[in-house]
Structures are given as C-alpha cells and as structure tokens.
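I opened a fresh page for this one and went through it chain by chain, then across the interface, then ring by ring. Here is what I looked up, in the order I looked it up.

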Amino acid sequence: MKTAANLTFGEMAIITGINSEHPSARRIIEIGFTPGQQIELINKTAFNDPLAFSVRGALIAIRKNEAESIYVI
Amino acid sequence: MKKDVIQSTPFITLVGPPNSGKTTLFNYISGRNNKTVNYPGSTVEYSMCRINIGKPNEAELLDSPGIISLMPNSPDEQVTVDAIYSHPGLGIPDLVVATVDASQLSRHLLLVKQLLLSGFNVLVAVTMNDILERKGYKLDTHSLEIELGCRVCKVDGRTGSGTIDLIHQAELIINNTIKNYDLKRIEINNDTDTLIDLYKDIEGIEKRVLINSKELERKIKSANKAFNVLNVEKPEKVVNRPDEITIKIDRILLHQYWGLLIFFAAMSLLFTSIFWLAMPAMDLIDQTFGSLAGFVSNNFSNGWLTDFIADGLISGIGSVIIFLPQIIILFLILGLLEDVGYLARGAMLVDRPLSKIGLNGKSFVPMLSGFACAIPAMMAARTIPNKRERLLTIFILPLMSCSARLPVYALLIGFLLPPDKVFMGGIIMAGIYLFGILSSTLIAGLVNKFSNKILSANDSSSFILELPTYKIPKLMVILNNTFNSSLAYLKKAGPAILVFSVLLWVLTYFPNVHPKVDTSGLSEQQSSELIATERIATSYAADLGKIIQPVMTPIGMDWRVGVSLISAFAAREVFVSSLALIFKVTGDNDDALQASLLNAMRKAKIGGTDQKIFTTATVIGLIIFFVFALQCISTIIVSKQETGGWRIPIMQVVTFTSLAYVLTFITVNGLRLFGIA
C-alpha cells in the first residue's frame with residue numbers, strides 16, 4: 001500500500017488512513033494527519049529521514065518510519 | 001468552602017499549541033511585570049503576572065508551555081497538562097484562555113475542543129488574523145462562538161489590538177459563571193478513531209466559520225445587482241497551503257544536500273563569534289578588575305582586610321564577570337535562532353545522525369544549550385518523549401563545553417600561545433569545542449551500544465516536530481530574554497564563587513598570618529613576595545594539599561593545582577580565581593589580572609624543586625581534564641532530579657572524572673615521551 005514515505009518531492013496525496021498499531025499513531029493524528037487531508041512532501045534531509053510534509057497549512061517533520069504509517073492515494 | 005473561593009484572587013491559565021502566538025500575547029498583556037517561576041516540585045518553567053480585570057480588581061495570569069493536545073506525550077507535557085487541570089499551587093483555573101492561530105484553525109481547535117470536553121470555562125483568543133486575511137479568508141467570530149459554545153475574541157499580541165476586549169470578556173466570564181469543579185480528564189488511552197472523529201467535527205466547523213473574502217464580495221455584488229441572494233457554496237478546500245515564503249527559504253536551508261552544510265557553517269559561525277565578539281569586552285573587564293585590586297592594595301593600610309578585599313573578593317568576582325560577555329552573546333544568538341524558527345530545522349537535520357548513536361533530533365536543542373550551561377540543558381531534555389534517549393542525552397550533556405569552562409580555557413590557551421600569535425586562540429578554542437563534541441558522540445555511541453543496563457528504559461523512538469513559519473525576530477523580546485538568562489546565571493553561579501573565594505582565601509592565608517622570614521637585604525617588593533610564599537606554604541590549604549599531592553604527582557602537577565581543581569567543583573570558573581589566589585596574584589602594578597596570573601604561572605615551580613608546574617604538557621593535560629571532568633555540583637543535583645535517582649549522576653561523576661584523570665595522565669606523560677615538556 002502506498003504511504004507518505006513513498007511520495008516524491010512536491011508530490012501531493014490524500015490520506016486514506018493511519019496505521020493505529022504504530023506507537024506514534026496518536027501524536028501523528030493529533031498534529032494533523034487525518035484521513036481525507038491533502039499532504040505534500042516539501043523537504044527531505046540528506047539522509048531521506050526525517051521528511052517534512054505540508055498538512056493543514058503547517059509544515060511537519062516526521063521520521064520515515066512514522067510516514068510509513070500514513071496511508072495515501 | 002464557597003466563601004473561600006469567592007475571596008481568593010481568580011486565576012486564568014493561558015493555554016495554546018506551540019507557535020500559536022501565546023507567549024507574544026502573554027508578553028503584551030503582562031508588559032514587563034511578569035516573572036518566571038517553576039511548577040512546585042518540578043523544573044518546568046512558566047511565567048505569571050497579575051492583571052487588572054476591573055471586578056474583582058486583580059487576577060493571576062499564568063502562561064503555560066505550548067502543547068498540542070491534553071494527552072501528554074513527554075514528561076514535560078505531563079507536568080504541563082497536570083497543571084492545567086489542577087495547578088499545584090493555585091488549584092483549578094477560573095478560566096482558560098486558549099490561543100488559536102487563525103491560519104492553523106483546524107489543527108489548533110483540537111486543543112480547544114478537548115478543553116471544552118473536559119469542562120473548563122474557555123475563552124478563545126484568535127491570533128494571526130492578518131495572515132488569514134492575506135490568504136483571502138476571514139473568520140466569522142460569531143459563528144465560531146455558536147459552533148464551540150464559548151466566547152471568541154480576535155487579538156493581536158504584537159500590536160495589542162483586541163486585548164482590552166479579551167480582558168473584558170474574561171472579567172464577564174469569571175464574574176458570571178461558577179467555577180466548574182467537575183473536570184473530566186481526557187482519557188490518555190483515547191483510541192485513534194475518537195481523535196479522527198473529533199478532527200472531522202473540527203473540519204466541519206472550519207468550513208462553516210471561514211469565509212472566502214472574494215466569494216463574499218461576489219455574493220454582495222451579485223446580490224446588489226440582481227437582488228437575488230445566491231446560495232453560494234462555501235469553498236471546498238480551505239487554507240491548506242503553508243506560508244509560501246517559508247517554503248521558499250526552506251528550499252535552501254533544508255535543501256537535501258546544502259541543508260546540512262549550511263547547518264554546520266551556521267554552527268561554526270556561532271561558536272567562533274562567541275569567542276571573537278566577546279574579546280574586546282573581556283579585555284576591558286580584565287583591565288578594570290586588575291586596576292581595582294591594585295588600587296585597593298596600594299591605597300589601604302597593609303593588613304589582612306586589605307589583602308582579603310584585593311585578593312579574595314575583587315579577584316574572585318572579576319574572574320567570574322570576565323566570561324559574562326561570552327554568555328550574553330551565546331544566549332543572544334540562541335534566542336535569535338529560536339525566534340527566527342531555525343532551531344526546529346536544526347533538530348530535523350541532525351535527527352538521523354543522532355539517532356544512530358541513540359539520541360534524537362530533539363537532543364539537539366538541549367545539546368546546544370549545553371554550551372551555555374548543562375543545567376538548563378538538562379531541563380530542556382524533558383521535551384524528548386523517549387525515556388532512553390532522554391537519559392542518554394542527559395548523560396552526555398556534561399561533555400558539552402559549557403561557558404564556565406571558557407575562562408579556564410581562555411587562561412590556559414593564553415599560557416600556551418606566544419604573545420605574537422594571539423589569533424591562534426580562536427582556532428584552538430574551536431578545536432577544544434570540536435573535541436568535546438566528538439568525545440560526547442563517541443561516549444553516547446558506546447553507552448548506547450553496550451549498556452542496556454544503564455539505560456534500561458525502552459520505549460519507541462519518535463520524531464514529530466512542527467517547523468514554524470519563518471519570522472523576523474522581535475529584538476526586544478530576545479534582548480529581554482538574554483538579560484534574564486544572564487542575570488539568572490550570575491545569581492546562580494555568583495554566590496558559590498564568592499563563598500569559595502572567601503573560603504579559599506581563608507585557607508591560604510591562615511594560620512600563619514605574619515610568617516617570620518629573613519628580609520634583610522631585600523627590597524620591599526621582594527620581601528612581601530617572600531612573606532606571601534612563606535604564608536601559603538604553612539597555610540591550612542597546604543596541609544590539605546599534602547593529602548592530594550600523591551594524586552597530582554603522576555600528572556605532573558602539585559597540590560596547589562589540586563586544591564584549585566577541587567574548588568572547581570563549586571563551579572568550574574572558580575579554578576581561575578583559585579589559581580589567582582593560591583599563586584598570590586595581585587594587581588600590584590595595575591596589570592590586568594589574567595596577564596599577571598600568566599606571569600605567576602610561568603614562574604611557579606613544584607614545591608622544593610626546580611621543576612616548573614605549568615609547562616606545555618601539563619597545560620594541555622589540564623585542558624583535557626576540563627573537557628571530561630564532571631566538576632559541577634549543581635549539574636550533579638539537577639541530573640539527579642531529572643533522571644529520578646542517584647544512579648545516573650553517580651555514574652556520570654565516576655565515568656567522566658576518572659576518564660579525565662586517566663586521559664590527562666596519558667596526555668602529560670605521552671607528550672613528555674615525545675620530548676614536549
């Protein structure tokens with residue numbers, strides 16, 4: 001399944017769900033990643049981890065493994 | 001019971017997500033009358049002030065640290081959330097004022113919703129309305145009030161507009177509602193579906209309260225034209241694009257390849273500027289205190305009191321004040337980076353490398369503050385949610401080259417450098433900093449790898465951080481914070497240094513105040529020097545020193561350095577004033593303190609022999625010792641508080657101090673082996 005971690009630079013996607021098994025799931029949702037929201041990959045660091053996404057008009061940096069818990073289409 | 005409640009001063013807690021303009025609003029309302037206090041029994045800081053609300057006359061206003069949800073995610077947030085529900089000193093708040101960034105409405109309403117669900121009296125303060133309007137939208141305050149069921153005010157903490165109305169609304173709420181004592185805590189184990197549902201709710205609200213200015217204009221125009229009100233649909237996609245300028249700046253500062261380079265360049269610039277910018281001010285302070293001590297000993301009658309004032313007090317205080325310029329510059333630049341919005345980016349850039357050695361990107365800010373002082377740095381580590389990473393960050397923080405080590409390094413580098421090559425000082429200093437950082441990463445990596453027993457806590461590691469919009473820094477706020485931090489620092493270090501200076505002076509001056517020496521045929525200058533030397537050789541400090549002599553001999557030093565090293569446990573910078581005291585440096589000839597101390601050090605010989613104490617080898621050895629040794633009692637105490645026991649602080653003292661001794665031994669004797677005395 002495609003996740004936020006698979007997005008390329010500047011690619012936009014809609015969140016379809018959050019893997020609630022992920023230990024950080026609650027904080028990921030609290031900070032604004034919820035189903036139906038449009039996200040865009042804005043920045044990557046030299047190590048491709050963490051990644052910065054735009055969501056709900058904010059820039060949020062999360063680790064790659066956390067981005068993998070965000071399912072998108 | 002009820003009577004008590006009526007009589008007490010009402011109190012209002014200001015709550016809001018990070019970057020919601022909460023502190024700006026608080027600073028505007030409080031003016032300059034706020035004070036920073038800790039939550040009782042914890043080290044989490046908050047500001048509070050008294051505000052005039054009309055009836056009853058005054059209310060307490062508390063600024064709480066920023067949180068995004070009432071479900072805490074780190075020890076820091078736990079304390080904050082607990083204090084919102086019931087403040088350890090003041091109880092349940094009469095009113096909660098929640099700040100909400102209008103351009104981040106859907107994210108920031110989550111906290112407001114949780115506050116309302118818990119049963120608080122809530123007043124919403126909407127900030128950054130200008131940003132929303134630039135995006136082409138307007139917030140309908142009245143609709144939002146209906147949707148939420150609480151009062152909403154638009155405010156601007158920078159200009160103060162709307163604050164009078166806000167305080168007036170607060171007064172009305174406090175006087176017209178009874179304090180709600182049945183607060184319902186938001187369940188921590190709230191499942192993710194409930195949260196998603198809450199957000200769905202909020203998205204609905206956002207759609208109904210945000211009006212697209214252009215749609216509105218068109219609607220009015222067409223209504224005027226044809227007198228038929230069209231049922232224009234509200235725009236489907238609302239403000240979901242971050243600040244364009246911020247994205248453009250981040251294309252450079254967070255560039256996949258350049259980002260890290262720019263980061264390292266910025267950090268190098270930071271540390272070199274600490275050294276270079278502070279130089280002129282430090283020289284000035286050095287001169288001033290030197291002449292002051294000289295003035296006292298030349299113009300007052302000879303006796304113990306004069307000696308005490310000149311050698312004990314003035315030299316002691318001078319050697320502390322001298323590094324104040326460096327601390328001020330460090331706090332200034334740190335404040336600037338934070339206010340601009342770069343610190344969060346720095347944390348993101350180094351998260352990956354730090355996570356390799358068991359730390360977290362969020363360790364970056366504590367580590368950076370560690371270059372000012374390990375104490376606030378250890379407190380800042382509370383923002384790291386993962387316990388193991390937090391403990392490891394605290395463990396290595398004493399290796400960050402704190403500003404108390406600066407005067408020590410400055411003195412020792414001054415000793416090593418030939419007078420015509422002073423410019424090398426900055427380079428050597430940068431080298432020492434780098435050495436400290438490399439050693440700390442090495443130790444962190446080793447501890448992380450081999451000792452699951454030391455840091456047994458193991459919960460999932462995470463890094464989720466909002467990158468704030470870049471802002472033009474507010475200079476007044478930064479200056480104010482720098483002033484407060486520097487003052488707090490002086491207040492903390494000052495007394496310890498003073499007490500130790502006095503104690504050391506007593507130990508080195510008594511009991512043999514008037515030693516009998518043969519002064520025939522000597523000039524006045526020579527005889528007073530001989531008296532001083534004889535006095536110290538028979539002092540209490542010498543008796544104590546003889547006990548530690550065996551420890552000092554292997555590293556090529558004598559008891560006098562040993563006594564200075566021990567006194568450095570009060571605070572590292574005391575080392576310099578101790579040396580000055582023990583080697584009897586006075587500003588006799590109006591020399592700068594440091595210059596005359598360097599002279600005395602060049603002449604000093606190990607008691608009874610012709611061997612010099614301070615040589616290139618021993619001074620480099622001393623620098624190594626200061627890089628590693630944990631010689632700060634306050635740090636040990638804070639480490640105990642922050643790690644919840646003596647285990648980690650004791651391990652820190654044992655590990656770092658024995659490492660320091662062993663490495664100094666290797667350095668001194670190794671250098672000698674290669675022919676460097």
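**Entry 1: the small print, then chain A**

Before counting anything, I noted that helices here are DSSP runs of H or I with at least four residues, while strands are runs of E with at least two, both numbered from the N terminus. I also wrote at the top of the page that this is a predicted model.

With that rule, I get two helices and five strands in chain A. I then read along the sequence and jotted down the order as β-α-β-β-β-α-β. Chain A has 73 residues, and 66% of them are buried. I also looked at its contacts between residues at least 6 apart in sequence: 55% of these join residues at least 24 apart.

**Entry 2: chain B**

For chain B my tally is 28 helices and 10 strands. Of its 677 residues, 53% are buried. I ran the contact question here too: among pairs at least 6 apart in sequence, 75% join residues at least 24 apart.

**Entry 3: where the chains meet**

How many residues of each chain are in contact with the other chain? I find 48 on chain B and 40 on chain A. Together the two chains bury about 3,900 Å², with 58% of that on carbon and sulfur atoms. Three residues stood out: B:Gln256, B:Met348 and B:Ile464 supply 18% of the area that chain B buries against chain A, more than any other three residues.

Next I went through the polar side. Between chain B and chain A there are 23 residue pairs in polar contact, counting those with both residues at pLDDT 80 or more. I then asked which elements of chain B supply at least two residues each to the side that touches chain A. They are α4 (105–118), α8, α10 (244–253), α14 (342–356) and β10 (464–467). The element that gives the most is α14(B), with seven residues.

The salt bridges between the two chains number four. I followed up one of them: B:Glu203 pairs with A:Arg56, and their closest N and O atoms are 2.6 Å apart. A:Arg56 turned up again when I checked charges over rings, as it lies over the face of B:Tyr199, at 3.9 Å from the ring centre.

**Entry 4: helix α3 of chain B**

I listed the buried residues of helix α3 (residues 75–85) of chain B and got B:Asp76, B:Glu77, B:Thr80, B:Val81, B:Ala83, B:Ile84 and B:Tyr85. What do they pack against? My note says α1 (25–30) of chain A, along with β1 (11–15) and α4 of chain B.

B:Tyr85 led me on to B:Lys184, which contacts B:Tyr85, B:Leu117 and B:Ser118 once neighbours within four places in sequence are set aside. B:Lys184 sits in the loop between α7 (163–176) and α8 (192–209) of chain B. Buried or exposed, I wondered about B:Lys184? Its relative accessible area is 55%, so B:Lys184 is exposed, the cut-off for exposed being over 50%. I also took one C-alpha to C-alpha distance: B:Lys184 and B:Gly119 are 6.4 Å apart in space and 65 residues apart in sequence.

**Entry 5: rings**

Over all chains I count 10 aromatic pairs. I picked out B:Phe435 with B:Phe628, an edge-to-face pair at 5.8 Å centre to centre with 90° between the planes. This pair links distant parts of the chain: B:Phe435 is in helix α19 (residues 424–450) and B:Phe628 in helix α26 (residues 616–628) of chain B, 193 residues apart. B:Phe435 counts as partly exposed because its relative accessibility is 35%, whereas B:Phe628, at 4%, counts as buried.

Another edge-to-face pair is B:Phe625 with B:Phe626, at 6.3 Å centre to centre and 75° between the planes. Both rings belong to buried residues: B:Phe625 is at 8% relative accessibility and B:Phe626 at 0%.

I also noted that B:Phe263, B:Phe264 and B:Phe364 form one aromatic cluster. For a charge over a ring within chain B, I have B:Arg345 over the face of B:Tyr470, at 4.1 Å from the ring centre.

**Entry 6: back to α19**

I returned to helix α19 of chain B for B:Ser440. B:Ser440 is buried, with a relative accessible area of 0%. Apart from neighbours within four places in sequence, B:Ser440 is in contact with B:Ile396, B:Leu399 and B:Met400.

Note on methods: Residues are numbered from 1 along each chain as its sequence is written. Chains are lettered from A and ligands numbered from 1 in the order in which they are written. This is a predicted model: local features need pLDDT of at least 70, side-chain atom pairs count only at pLDDT 80 or more; totals for chains, interfaces and linings use all residues. Side-chain values use heavy atoms; hydrogens and water are left out. Rings of Phe, Tyr and Trp (its six-membered ring) pair if their centres lie within 6.5 Å; planes under 30 degrees apart count as stacked, over 60 as edge-to-face and the rest as tilted. Buried means under 20% relative accessible area, exposed over 50%, partly exposed in between (1.4 Å probe, protein chains only). A charge sits over a ring if NZ of Lys or CZ of Arg is within 6 Å of the ring centre and within 35 degrees of the ring normal. Contact means heavy atoms within 4.5 Å. Buried area is the accessible area (1.4 Å probe) that two parts lose on being put together, summed over both. A salt bridge is a side-chain nitrogen of Lys or Arg within 4 Å of a carboxyl oxygen of Asp or Glu. A polar contact is a pair of N or O atoms within 3.5 Å; within protein, one must be able to donate a hydrogen and the other to accept it, and residues adjacent in sequence count only if both atoms are side-chain atoms.
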